[in-house]
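Here are a few short exercises to work through with the model open beside you. Try each task before you read its solution.

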Amino acid sequence: MNKAPTLTTRRDRIAATKTQRQAVADAPRARAESRSDIDAQCLRWAQEGAERIGHKVGMVAFGSRIDDLFRVRPVNDLVDLGPVLAHLLTPERLAAILAQHLERHADGPTAAERVAQVAQMDRDLFDLECAEEAHIEQLEATGLSISRRADADPRAVLGLPFDRVTTAAPAEASDPTIRSTPHVAQTGRVAQSSYVANRRE
Amino acid sequence: MNHAKFRRLKGDLEQQRGALRSVSEHRRDVSDELARLNISIRSLYESSPYKLDGWQPGDDLTELLKFPTADLRACYLDVAAIKHAIELQALKNDLQARIDALSAQITPLAELVDNCQRYVTENAL
């Protein structure tokens with residue numbers, strides 16, 4: 001026989017869903033996508049390396065010293081070895097060497113899968129929060145005084161729809177960990193709920 | 001949007017803050033009275049020629065009630081004043097517990113109302 005969920009049960013499910021959502025948002029990228037990025041970067045380096053070394057070797061023909069061939073002048077205290085390595089090793093070989101390190105990390109969802117999973121969890125979370133709010137209102141109607149969660153979704157509390165187009169910035173206290181992933185844009189990770197993302201549009 | 005509900009939440013918050021202010025003021029008054037009484041008891045005791053064995057100012061006042069009344073009187077101590085001070089201390093503790101409980105209720109409600117207000121304001125609802 002199914003028992004009706006208690007408010008505590010509902011809140012436990014909300015907390016668990018938030019944890020799952022965070023786990024998906026923080027999961028490593030799909031290995032294939034990382035490998036694709038490495039392959040593309042090695043090709044760009046190889047092309048750049050071929051141009052640089054080709055130019056230097058060409059200058060030898062006009063009297064430049066051959067022992068200067070691999071001497072580089074740092075730009076902003078940096079020497080980028082990528083182009084030289086990719087040209088000399090071949091981009092395929094360099095990419096294969098670098099890709100070995102990906103094996104140490106778990107495989108994760110693709111960017112599209114991550115977006116879809118997080119979007120579904122945001123929807124589920126919103127439904128759970130609306131059910132929690134309805135439960136609180138039922139209890140209040142019987143005369144009980146119920147404390148709401150500080151991080152309850154304002155849309156659920158105020159009776160607003162999930163898909164409302166919003167412009168506001170998110171409430172930082174509600175999900176501080178999600179907001180602290182600055183590499184999101186580069187990796188394609190979904191680091192914010194659609195609630196948060198909508199509010200930032 | 002449920003404006004009536006939002007108004008009610010804000011009203012609840014103001015009501016709880018008002019209750020907290022009221023209890024805090026009561027606690028402050030009790031604390032002041034207790035401090036005055038403690039000073040009085042201490043002052044009388046220190047001015048007396050006799051001292052109680054095993055008790056000194058700053059120790060638990062309830063321990064005083066274990067001494068014979070005659071001994072307390074010899075030390076210029078009044079049983080009624082001691083009992084009143086003990087009652088005030090208990091009341092102060094009770095008020096502090098109510099303050100803690102109210103604060104624990106107010107903090108999440110204030111945060112929620114603040115989040116809702118920000119949402120409403122930033123979305124021009």
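**Exercise 1. Find how much surface chain A exposes and what share of it carbon and sulfur atoms supply.**

Solution. Chain A exposes about 12,200 Å², and 57% of that is supplied by carbon and sulfur atoms. Accessible areas here follow the Shrake-Rupley method with a 1.4 Å probe, and for residues only the protein chains shown count as cover.

Before going on, a word on conventions. This is a predicted model, in which local features need pLDDT of at least 70 and side-chain atom pairs count only at pLDDT 80 or more, while totals for chains, interfaces and linings use all residues. Residues are numbered from 1 along each chain as its sequence is written, chains are lettered from A and ligands numbered from 1 in the order in which they are written, and side-chain values use heavy atoms, leaving out hydrogens and water.

**Exercise 2. Describe the secondary structure of chain A.**

Solution. Start by counting: chain A has eight helices and zero strands. Helices (H or I, at least four residues) and strands (E, at least two) are DSSP runs, numbered from the N terminus. Next, see what is covered: 35% of the 201 residues of chain A count as buried. Buried means under 20% relative accessible area, exposed over 50%, and partly exposed in between (1.4 Å probe, protein chains only).

**Exercise 3. Work out which residues of H1(A) are buried, and why they lie on the same side.**

Solution. First, place the helix: H1 of chain A covers residues 7–26 and reaches 29 Å from its first C-alpha to its last, close to the 28 Å expected. That expectation is 1.5 Å times one less than the number of residues. Second, list the buried positions: A:Leu7, A:Ile14, A:Thr17, A:Arg21, A:Gln22, A:Val24 and A:Ala25. They share a side of H1(A) because they cover an arc of only 160° around the axis, taken from the directions from the helix axis to the C-beta atoms. Finally, turn the helix over: the face away from the buried side carries exposed A:Thr8 and A:Thr19.

**Exercise 4. Trace the largest nonpolar core and the contacts of B:Leu77.**

Solution. A nonpolar core is a set of buried Ala, Val, Leu, Ile, Met, Phe, Trp, Tyr and Cys residues joined through side-chain atoms within 4.5 Å. The largest one has 35 residues, and A:Val157, A:Leu158, B:Leu52, B:Leu64, B:Leu77 and B:Ile82 touch the most other members. Its largest share, 14 residues, comes from H3(B). B:Leu77 touches B:Ile41, B:Tyr45, B:Leu52, B:Leu64, B:Leu72 and B:Ile82, not counting residues up to four places away in sequence; contact means heavy atoms within 4.5 Å.
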